[in-house]
Amino acid sequence: MSPQAIKTLCAAFLVIAVLVMGYLSKGEAQEEADWLVSYCTDAAIWAAEEARGVPLSERTGQPDYKDIAEEQCPGMQPAAPAIQPHYSAPAQLAMPETVPIHQLVQF
């Protein structure tokens, strides 16, 4: 092979390699975005349960162990205050109007 053909082949290989790496980085960016949504959801659940006074052993989600939720999770707001213990809502409020009365709902 001539030196010009070798240079052309190397240039074509580099262009293909750059295109493949660009395609792979799009997949990694999507995976990172999915991870961040999951992390923010878990951190929000943890913070809401913490604000409601749920015992540590019964909480779901996860704490903000990386300390990034405040700046990386848009829309994450402090949880509402806990419902007062003396307040008890009737069970009918938890069920939509369209659900038959004999249907049981497990929470």
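In the predicted model, Tyr23 is exposed, since its relative accessible area of 63% lies above the 50% over which a residue is counted as exposed. Tyr23 is found in helix H1, and together with Ile16, Val20 and Leu24 this residue forms a nonpolar patch on the surface. The accessible area of these four residues, taken together, is about 440 Å².

Helix H1, which covers residues 3-51, also holds Glu32. With a relative accessibility of 57%, Glu32 likewise counts as exposed, because this value, too, is over the cut-off of 50%. Glu32 belongs to a second kind of surface patch, one of negative character, in which Glu28, Glu31 and Asp34 are the other members. The surface of the model therefore includes a nonpolar patch, with Tyr23 among its residues, as well as a negative patch, with Glu32 among its residues.

As regards the protein chain as a whole, its secondary structure consists of two helices, and the number of strands is zero. The chain has 107 residues, of which 9% count as buried, a class reserved for residues with under 20% relative accessible area. The accessible surface of the chain amounts to about 9,400 Å², and carbon and sulfur atoms account for 62% of this area. When contacts between residues at least 6 apart in sequence are considered, 51% of them are found to join residues that are at least 24 apart.

Notes: Residues numbered from 1 in each chain as written. Predicted model: local features only at pLDDT ≥ 70, side-chain atom pairs only at ≥ 80, totals over all residues. Heavy atoms only, no water. Helix = DSSP H or I, 4+ residues; strand = E, 2+ residues; numbered from the N terminus. Buried < 20%, exposed > 50% of the residue type's maximum accessible area, 1.4 Å probe, protein only. Contact = heavy atoms within 4.5 Å. Areas by Shrake-Rupley, 256 points an atom, 1.4 Å probe, with all protein chains shown as cover. Patch = residues over 30% accessible without salt bridge, like charges linked within 9 Å, V, L, I, M, F, W, Y side chains within 5 Å. Salt bridge = Lys/Arg side-chain N within 4 Å of Asp/Glu carboxyl O. Lys, Arg positive; Asp, Glu negative; His and termini not counted. Charge placed at Lys NZ, Arg CZ, Asp CG, Glu CD.
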